[in-house]
Amino acid sequence: MNEPNFPENFISILSAEPGFDAGNFINAHQNTESPTSIRLNPFKKHALKTDGQVPWCVDGYYLNTRPSFTFDPLFHAGCYYVQEASSMFIDHILKTIRPDKDEPVKILDLCAAPGGKSTLINSAIGADDLLVANEIIKTRVPVLCDNLNRWGTANSIVSNNDPKDFGRLTGFFDIILADAPCSGSGMFRKDPAAMNEWSEANVNLCHQRQERILADVYPALKEDGYLIYSTCSYSHQENEEILDWLCDTFNMESLPIPMVRQTHHDKEWGIVETRSEKHQAFGYRFYPGQAKGEGLFAACLKKKEQADDAPSFKAKGHQKLALQEIEIVKRYLIEPENYYYNKINDDWLAINRIHKESLDTLQRYLYIKKSGVRIGKLMGKDLVPDHELALSIHTNKDAFLQTELTYEQAIQYLRRENIDINPTDKGWSLMCFEGEPLGWAKLLPNRINNYYPKEIRILASPPTP
Ligand SMILES: C[S@@+](CC[C@H](N)C(=O)[O-])C[C@H]1O[C@@H](n2cnc3c(N)ncnc32)[C@H](O)[C@@H]1O
C-alpha cells in the first residue's frame with residue numbers, strides 16, 4: 001500500500017499524546033484496512049454470520065469480509081446497522097452511567113444524522129425511555145428518519161433544529177450526546193483523501209463551533225444529568241481542550257469509564273485513557289493499530305448545578321371524530337392501549353403513551369419530523385399503511401396479508417420493480433424476506449402494486465456473480 005500522506009507535523013504533534021504509538025498508527029494506515037463491523041438490532045433478532053464481537057458493545061460484531069450490504073434484504077429490513085466499531089463505545093458509556101435502567105430517561109442525540117448513534121441509543125434504552133434525535137441540516141434528516149424507521153421502535157422523535165433551539169427546553173434531558181462535527185482526522189484510514197483537506201485552521205474553526213454547540217445545548221441538561229461528548233478527531237483542541245473549557249465554563253464533573261466487561265479487560269480493548277491538562281477530565285481515545293476501529297474520542301461529564309425547571313405542556317384531548325378513527329388505527333398495533341395516537345395532517349402516528357406530555361412539549365419548541373411510528377392514512381374505514389408501519393416492531397402483522405419472497409424477488413421488490421408473483425389473495429400485504437418485513441405491496445387479481453418508497457429504492461445494479 002502507498003505511504004500515508006499525513007499532513008505536515010501531524011504525527012509529531014500526535015506523538016506528544018500519552019499512550020499514542022506512532023509505529024502502530026503509521027503501520028495501520030499503511031498496511032491495514034478499516035475493519036468492517038455491524039451492530040445487530042436487538043428487536044429484530046436474526047441469525048447472522050459474524051467473525052467476533054466488538055468488546056465494548058453487546059450487539060457489535062466484526063466481519064472478516066465486506067459484503068454488499070445494499071444487496072442484503074436483511075439490511076433494508078433493519079436487522080443490523082453498518083457501523084464503525086469505535087463509535088459503538090457510546091453503548092459502553094450508556095451502560096456505565098445507567099447500569100440498572102431503573103428510572104425512565106429522556107436522551108437527546110444532538111448531532112444525529114445519519115443515525116448510527118441514534119440506533120445504538122435506541123437499542124440501549126427501554127420503551128419508557130425517550131430518544132430525541134436531532135439534525136440541524138435539513139437534507140440530512142430523511143436518512144436519519146429512514147434509519148430509525150428501520151430500527152422499528154416507537155420511542156423516538158426526530159427534530160430538525162439548531163442547538164440553540166434546545167436552550168428553551170431547560171433541564172429537560174437526563175442525557176445529552178453531542179457527537180460533534182469535527183475536523184475528521186479519525187477517518188484518515190477509511191478516507192485517505194481527507195488527509196489533503198485537513199488543516200489546522202479547520203481544527204480551530206471546529207473547536208469554536210464545538211464550544212458554541214455545547215454552550216447552546218447545556219441549559220437543556222438536568223441537574224445530575226450526563227453529557228457525552230465525542231468526535232472523530234485526534235486533535236487536542238477538539239477533545240481534551242473542550243473538556244477543560246466545559247469544566248471552566250460550567251459546573252461539571254468528569255466521569256471515569258471503567259473499561260471492563262465480562263471477560264474482557266482494559267488491555268484487550270486497546271483504548272487509551274487520557275486526562276485534560278487543567279481539570280484532569282477523563283477522555284477515551286481510539287487509535288487504529290491500538291484499538292480495533294477508527295479514530296474516536298469520547299468523554300462523559302455530569303452536570304453539578306441546578307437547572308431551571310423543565311417546561312411542560314399538555315395539549316388538549318382528541319376530538320370526538322378522532323376517537324372513532326383511533327379505534328380503527330389501534331387494530332394495527334400489538335398492545336394498542338400502550339400508545340398515544342396523534343394525527344398530523346392526514347397521517348395517524350403512535351408513540352408510547354408515557355411520552356405524550358414530552359411530545360406535546362417538544363412540539364411547542366422544536367420542528368418535529370417524526371414521532372413514534374407513522375401508522376398511515378384512513379380512507380373511510382380502510383387504512384393506507386405507511387412504510388414505517390411495515391418496519392415497526394409493534395405492528396400487528398396478523399392484521400395484514402404476508403408474502404414471503406425469495407432472494408431474487410426481494411431484490412426486485414427493493415428496486416421497486418414488478419415482482420413475478422401471481423397473488424391468490426387481495427389486499428395490503430407485508431412483503432417479507434426470511435420472515436422480516438421489507439415494506440408493503442397491494443395484491444390485486446393477477447398483479448402486485450409495489451409500494452416500496454421510491455426515495456429509498458435500490459438504484460445500483462446487482463453485483464455480477
Ligand atoms: C459526526 S456527525 C454525526 C454522526 C452521527 N452521530 C452518527 O453516529 O451517525 C456530526 C453531525 O453534526 C451536524 N452538524 C453540523 N454542524 C452543526 C452545528 N452547527 N450544530 C449541530 N450539528 C451540526 C452534521 O450535519 C452531522 O450530521
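**Note on two sheets, two helix pairs and an annotated site**

1. Three bridges join strand S1 (residues 36-40) to S3, and the two run antiparallel. Please bear in mind that this is a predicted model: local features need pLDDT of at least 70, side-chain atom pairs count only at pLDDT 80 or more, and totals for chains, interfaces and linings use all residues. Residues are numbered from 1 along each chain as its sequence is written. Strands (E, at least two residues) and helices (H or I, at least four) are DSSP runs numbered from the N terminus, and two strands pair if DSSP finds at least two bridges between them.

2. To place that pair in its setting: S1 sits in the middle of an open sheet of three strands, ordered S2-S1-S3 with antiparallel pairing. At the edges are strand S2 (60-63) and strand S3 (80-82), each pairing on one side only. Neighbouring strands here are turned by 30° against each other on average, direction ignored. If you want a spot to look at between S1 and S3, Arg39 stands opposite Tyr81 in S3.

3. The second sheet worth a visit is also open, with four strands in the order S13-S14-S16-S17 and antiparallel pairing. Strand S13 (339-344) and strand S17 (382-385) are its edges; each has a single partner strand, so one side of each is left without a neighbour in the sheet. The twist averages 35° from one strand to the next.

4. Going across this sheet, S13 and S14 run antiparallel and are joined by six bridges, with Tyr339 opposite Asn352 in S14. The two strands form a hairpin with two residues between them, and Asn345 in the turn has a positive phi of about 50°. S14 and S16 then pair over four bridges, again in the antiparallel sense; there, Trp348 has Gly376 in S16 as its bridge partner. Four bridges also join strand S16 (residues 373-379) to S17, and Met379 is partnered by Asp382 in S17.

5. How enclosed is strand S14? Five of the six residues of S14 (residues 347-352) are buried, so the strand is largely enclosed by the rest of the structure. Buried means that 20 or more other C-beta atoms lie within 10 Å of a residue's own, exposed means 12 or fewer, and partly exposed is in between, with C-beta atoms placed from the backbone.

6. Helix H6 (141-151) is mostly covered as well, with nine of its eleven residues buried. Among them are Val141, Leu144, Cys145, Leu148 and Trp151, together with Asp146 and Arg150. The cover over these buried residues includes S3 from the three-stranded sheet, H5, S5, S6, strand S15 (368-371) and helix H13 (387-391). Just after H6, Gly152 takes a positive phi of about 90°.

7. For the helix pairs, axes are lines fitted to C-alpha atoms, for helices over the stretch in contact, and angles run from 0 to 180 degrees between N-to-C directions. Helix H4 (residues 89-97) and helix H5 (residues 116-124) have axes that come within 10 Å and cross at roughly 35°. Their crossing is right-handed (the near helix is turned clockwise from the far one by less than a right angle). Ile90, Asp91, Leu94 and Lys95 of H4 make the contact with Lys117, Leu120, Ile121 and Ala124 of H5, where contact means C-beta atoms, placed from the backbone, within 7 Å.

8. Helix H8 (residues 200-217) and helix H9 (residues 240-249) cross at roughly 35°, with axes that come within 11 Å, and this crossing is right-handed. Here His207, Gln210, Glu211 and Leu214 in H8 meet Glu241, Ile242, Trp245 and Leu246 in H9.

9. Finally, the annotation. An unreviewed UniProt entry places the feature "binding site" at ten positions, including Cys111, Gly116, Lys117, Glu135, Asp162 and Asp179. Such annotations may be inferred rather than shown by experiment. Buried or exposed: which is Glu135? Glu135, in the loop between strand S5 (130-134) and H6, is buried, with 25 other C-beta atoms within 10 Å. Not counting residues up to four places away in sequence, Glu135 touches Ala112, Ala113, Arg140, Val141, Leu144 and Asn160. Asp162, found in the loop between strand S6 (156-159) and strand S7 (173-179), is exposed, with 12 other C-beta atoms within 10 Å.

Key:
Contact = placed C-beta atoms within 7 Å.
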